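Please look through the points below with the structure open beside you. They take up the helices, the sheet and the nonpolar cores in turn.

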Amino acid sequence: MRAARLIKMVLLLQSRPSMTAAELARELEVSERTVARDVLALSEAGVPVYADRGRAGGYRLIGGYRTRLTGLGRSEAEALFLSGVPSALREMGLADAASAARLKVSAALLPELRDAATGAAQRFHLDAPNWYQEPEPPALLPAIADAVWDDRRITARYLRKDTEVERELEPYGLVLKAGVWYLAARTRGDYRVYRVDRFAAVEFGGADERSGADEGSGTDDNGQAGMPGGGGGRFVRDESFDLPAFWAERATQFTRSLLREEVVLRLSKRGALQLPYVTERMAAREAIEAAQAAGGPDAHGRLTVTLAVESAEVAYAQLLALGPEGEILAPSGLRERFAAAARRTAALYT
């Protein structure tokens with residue numbers, strides 16, 4: 001523990017002209033007295049740390065000292081590629097690895113380039129969760145992330161609707177979508193998606209090679225076949241697996257699977273522009289493109305579209321946002337609900 005802290009102190013001093021005891025204590029999460037003892041230990045080990053006295057004083061390296069301890073470890077290099085998403089790093093337990101990686105990169109840079117990391121962080125930031133949502137990282141996310149990094153099978157208890165089922169998974173990748181973590185996993189040659197916050201428990205272990213016959217199957221929350229029983233040793237990863245392409249395909253399939261009903265509506269020009277912002281964008285674009293190809297707007301500039309929706313109830317909640325820019329034509333029950341809503345709204349302003 002102390003050795004790692006001493007290395008981090010050297011890297012910090014190498015990446016900056018000087019640092020006060022308070023700054024070092026804050027970065028290393030120790031007391032200023034511990035900083036003083038660590039500086040003494042470095043000096044005794046031959047590292048030329050110089051202490052400037054006075055109110056503006058601090059610690060610095062002298063003589064152009066450069067440490068050779070800047071080689072990136074595997075976890076640090078992997079975390080560095082994710083360092084633009086700090087919340088994701090924290091939730092996966094990689095914040096310390098990313099911090100060490102950034103320090104090593106900073107220490108290896110020429111002095112005139114050492115402000116690059118700070119400059120980038122002050123100009124670009126990715127905030128993954130949706131608005132009005134307090135991110136609650138799943139408790140088992142760090143363990144599952146470890147399994148993904150190490151290509152280790154896991155035996156997991158998974159909450160599917162009102163029941164808890166057991167699944168043996170080969171975890172291939174994690175996806176953060178709108179503040180929700182998903183696991184892409186393989187079983188019997190098939191890939192499936194699981195919400196990480198529905199895992200109740202995860203266990204590791206077992207042989208490194210799969211053996212034995214399948215011990216039954218079930219269905220996951222997406223209606224797909226479940227995992228057979230078995231151990232949780234390392235598995236041979238399919239190098240052709242493309243996580244971004246897989247996720248894009250499954251996300252599209254999932255969206256289409258939800259859109260089971262249709263609504264016919266007549267849109268003003270403004271309503272056609274607003275439609276992708278009040279309902280599912282892919283469905284809105286496809287509906288507008290189909291209507292344009294079928295003849296386009298009528299003599300009054302209105303476009304009649306057939307829109308795929310999740311349900312009449314969801315369509316009612318979403319399409320009310322169009323106000324007078326959209327008229328429901330079918331189904332009749334939904335049209336009557338909109339007419340009643342319009343009368344109630346008009347009464348408020350009469």
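**Notes on the sheet and the cores**

1. Helix H8, residues 141–150, lies across S3, strand S4 (163–177), strand S5 (180–187) and S7. Its direction is at about 70 degrees to S4. Keep in mind that this is a predicted model.

2. A second helix, H9 (residues 243–258), lies across S4, S5 and S6. The angle between H9 and S6 is about 75 degrees.

3. The sheet itself is open and has five strands, in the order S6-S5-S4-S3-S7, with antiparallel pairing. Strand S6 (190–195) and strand S7 (199–203) are at the edges; each has a single partner strand, so one side of each has no neighbour in the sheet. From one strand to the next, the twist averages 45 degrees.

4. Strand S3 covers residues 154–160 and pairs with S7 in the antiparallel sense, over four bridges. To find this pairing, look for arginine 157, which stands opposite alanine 201 in S7.

5. The largest nonpolar core has 24 residues, and those touching the most other members are Val263, Leu265, Leu275, Val305, Leu307 and Leu319. Two or more residues each come from strand S8 (261–267), helix H10 (269–278), helix H11 (281–293), strand S9 (303–309), helix H12 (312–319) and helix H13 (332–348). H11 gives the most, with five residues.

6. Which residues does valine 263 touch, leaving out those up to four places away in sequence? Among them are Val305, Leu307, Ala315, Leu319, Ile328, Pro331 and Leu334.

7. Another core, of 20 residues, lies apart from the largest one. Its members include Ile144, Ala145, Tyr158 and Val196.

Conventions: Residues are numbered from 1 along each chain as its sequence is written. This is a predicted model: local features need pLDDT of at least 70, side-chain atom pairs count only at pLDDT 80 or more; totals for chains, interfaces and linings use all residues. Side-chain values use heavy atoms; hydrogens and water are left out. Two strands pair if DSSP finds at least two bridges between them. Axes are lines fitted to C-alpha atoms, for helices over the stretch in contact, and angles run from 0 to 180 degrees between N-to-C directions. Contact means heavy atoms within 4.5 Å. A nonpolar core is a set of buried Ala, Val, Leu, Ile, Met, Phe, Trp, Tyr and Cys residues joined through side-chain atoms within 4.5 Å. Buried means under 20% relative accessible area, exposed over 50%, partly exposed in between (1.4 Å probe, protein chains only).
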